[in-house]
Structures are given as structure tokens and as C-alpha cells.
Amino acid sequence: MSSNEEKNIPMPEHIAIIMDGNGRWATKRGLPRTAGHSAGMNALENIVRFCSDSGVKYLTVYAFSTENWKRSKAEVNGIFKIMVLYIKKEIDELDRKNVRMCPVGAWNDIPGAAAKSMQYAVDRTKDNDGLVFNIALNYGGRREIADAFRKIAEEYRAAGKELRPEDIDEDLISKHMYAPDDPDPDLIIRTGGEKRISNFLLWQCAYSEFVYSDVLWPDFGPEQLMDCVKEFNGRHRRFGGLDKK
Ligand code: IPE
Ligand code: IPE
Ligand code: MG
């Protein structure tokens, strides 16, 4: 698809994606599940490039959930190995494109080599002011909210202050999320046919638009993304108010 063709289509400011369907993609081809995760990484490369080129400001992708540890050791290790390869292969181009990589989640708990390569990517791109590329890694929405409350309690204790009920409001909680400066996602896409949130961005999705695609993540490209964006552009967001006459 030429970007010319799509030039006049407005893009959401913040797109979030639940990249689901890698395992089924591989199984359908008689391949091991990790082959699906490799193919999924190729799909991610294209989507990041496309979002960066088409003026999306924030892209958040769900790469590994706090529940994904339930999978076999071989699959979990495979996913993190593929992540290290992705960073190695893509970091120069991401940096050149002015992309800032921001892991979100309890990502310090991931295997050492993967955490180290993610830290390298963060340091290398921290001054970039193009696309903000959030990678949800060992991410859970409930964990994020619990972590936010813990951070608040720690700050009060460190300041020798008592945390009173009236100190707690939505703004305080928002400020202690993993990416407090980002706007909430406008559009959340889930590929792979399931229609559920699976513990993704529970706090931030309050007024996001959800678009589901049956396409398995490794087959999801710019064309499918633009189909989702067109569906989003046809929605009427009211945020609890009323449509303007
Ligand atoms: C999503 O694909 C990637 C991760 C959860 C890491 P899946 O691995 O969940 O693929 P399916 O849902 O089994 O097809
Ligand atoms: C959600 O997919 C997590 C990621 C895409 C990283 P899952 O495949 O883990 O979700 P469930 O198990 O189908 O809800
Ligand atoms: Mg899945």
C-alpha cells in the first residue's frame, strides 16, 4: 500500500495492539509455536515502521503478559530470545527513525539477556522525540494498578507523611502508572479472533475504541491496520456526553 493512498486518512494519536494468534499461525503450518513468534516479530517490524511513517504518536504493543509465564519454559525462553534478536536487528533503524522505545510492565523480572538488551534499546533511544513505542513486557493491568498503589504508599512513607483517604484521586493514580505521560489509547486492536482484554491496559482503556480482527498476528500488516483505523474513524466517541448537533 502506498502511503500516498492513505495520506488523507487521519491516524489515531495512540494505537494499542494485542498481538494474538502467533501459536495458531504456526500450528496451522505444522511448525513449533516459536516459529509463530518469529513470524510475529516480522509483522511487528512492519507495523512499527508504518506507524512511525504515518504520524502515529504512540504505539503500545502487548508482547508478554504476567500470565504468559504459565506456558512451557521452551516457549517462554523462545519468546525472549526472539525479542533480543529483534532489538539487535532493528535498533539502528528505530533510532534513525527517531523512535523512542519504552518497555512497560514488570520488565526487570524477564530473563537477564532480554532485560539487558531492552535496557540498551531504552538508553539508545531515550532522547528521540518521534514515535513513542511502548512494549508491554511482563505486563498485567492489575499488576500495574497494584504497583501504582505501592509506589504511592512508598512515596508517602519516604516523605514521612500519612496517606489519607482524601489524598487518593484518579489523577494521583494515573501519575503512578508505568507511562504516566502518555495519553490513553484511542484505539485498541486485538488480532487473532478473540474478543477479550486479557489484562491489558485496564486503567487506560476506559474510553478506548475496540476493534477486533480475525487475522492472526503474523499475517497482520499495514493494510489490515488501516482497515482497523477506518473502522475507528467511523465511530462516534462521546466520552459519556452527547453528540454535537
Ligand atoms: C500472542 O500469540 C503472543 C503471546 C502471547 C506472547 P499466542 O502465542 O497467544 O498465539 P495463540 O493465541 O496461541 O494462537
Ligand atoms: C494476550 O494474549 C497476551 C499477549 C498478546 C501478549 P493471550 O494469548 O495470552 O491471551 P488469552 O490467554 O487468549 O486470554
Ligand atoms: Mg493467544
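A strand here is a DSSP run of at least two residues, numbered from the N terminus. One of these runs is S4, residues 132-139, and Asn-138 lies in it. Keep in mind as you read that this is a predicted model.

1. **Asn-138 and its backbone angle.** Let's stay with that residue in S4 for a moment. Asn-138 has a positive phi of about 50°, although it is not a glycine. Is Asn-138 buried or exposed? Its relative accessibility is 3%, and because buried means under 20%, Asn-138 counts as buried.

2. **Ser-198, another positive phi.** Now hop over to the loop between S5 and S6, where you'll find Ser-198. Its phi is near 45°, again a positive value in a residue other than glycine. Ser-198 counts as partly exposed, at 30% relative accessibility. Ser-198 also turns up among the residues around ligand 2, so hold on to that name for point 6.

3. **Strands S5 and S6.** What joins S5 to S6? The answer is 4 bridges, and the two strands run parallel. S5 covers residues 187-190, and S6 covers residues 209-212. If you want a spot to start looking, Leu-187 stands opposite Glu-209 in S6. In a regular strand the side chains alternate between the two faces of the sheet. You can follow that along S6: Glu-209 and Val-211 point to one face and are buried, whereas Phe-210 and Tyr-212 point to the other face and are not.

4. **Thr-191 in the loop.** The loop between S5 and S6 also holds Thr-191. Thr-191 is buried, with a relative accessible area of 0%. Which residues is it in contact with, leaving aside its neighbours within four places in sequence? They are Ile-18, Met-19, Asp-20, Ser-213, Val-215, Trp-217 and Phe-220. Three of those names come back below: Asp-20 next to the ligands, and Trp-217 and Phe-220 as a ring pair.

5. **Ligand 1.** There are 13 residues around ligand 1, and the ones that come nearest are Asp-20, Gly-23, Arg-24, Arg-33 and Arg-71. Have a look at the oxygen atoms of this ligand. One is 2.8 Å from an N or O atom in the side chain of Asp-20. For Gly-23 the partner is a polar backbone atom, 2.9 Å from an oxygen atom of the ligand. Asn-22 likewise has a polar backbone atom 3.1 Å from an oxygen atom of ligand 1. On its own, ligand 1 has 380 Å² of accessible area, and the protein covers 86% of it.

6. **Ligand 2.** The residues around ligand 2 include Ile-18, Met-19, Asp-20, Tyr-62, Phe-64, Arg-71, Arg-196 and Ser-198. Asp-20 has a side-chain N or O atom 3.2 Å from an oxygen atom of ligand 2. The side chain of Arg-71 also places an N or O atom 3.2 Å from an oxygen atom of this ligand. For the side chain of Arg-196, the distance is 2.8 Å. Taken alone, ligand 2 exposes 390 Å², and the protein buries 77% of that.

7. **Glu-45 in helix H2.** Over in helix H2, residues 33-53, sits Glu-45. Glu-45 counts as buried, at 10% relative accessibility. What does its side chain do? A polar contact of 2.8 Å joins it to the side chain of Lys-89. Leaving aside neighbours within four places in sequence, Glu-45 is in contact with Tyr-86, Lys-89 and Glu-90.

8. **Aromatic rings.** How many aromatic pairs does the structure hold? There are 10. A pair of aromatic rings is described by the distance of the centres and the angle of the planes. For Phe-64 and Trp-69 the centres are 4.9 Å apart and the planes are at 75°, so this pair is edge-to-face. Phe-64 counts as buried at 1% relative accessibility, while Trp-69 is partly exposed with a relative accessible area of 36%. Trp-217 and Phe-220 give you a stacked pair, with 5.4 Å centre to centre and 25° between the planes. Both partners are buried: Trp-217 has 1% relative accessibility, and Phe-220 has 2%. Finally, Tyr-62, Tyr-139, Tyr-178 and Phe-200 form one aromatic cluster.

Methods. Residues are numbered from 1 along each chain as its sequence is written. Chains are lettered from A and ligands numbered from 1 in the order in which they are written. This is a predicted model: local features need pLDDT of at least 70, side-chain atom pairs count only at pLDDT 80 or more; totals for chains, interfaces and linings use all residues. Side-chain values use heavy atoms; hydrogens and water are left out. Buried means under 20% relative accessible area, exposed over 50%, partly exposed in between (1.4 Å probe, protein chains only). Two strands pair if DSSP finds at least two bridges between them. Contact means heavy atoms within 4.5 Å. A residue is near a molecule or strand if one of its heavy atoms lies within 4 Å of it. A polar contact is a pair of N or O atoms within 3.5 Å; within protein, one must be able to donate a hydrogen and the other to accept it, and residues adjacent in sequence count only if both atoms are side-chain atoms. Accessible areas come from the Shrake-Rupley method with a 1.4 Å probe; for residues, only the protein chains shown count as cover. Rings of Phe, Tyr and Trp (its six-membered ring) pair if their centres lie within 6.5 Å; planes under 30 degrees apart count as stacked, over 60 as edge-to-face and the rest as tilted.
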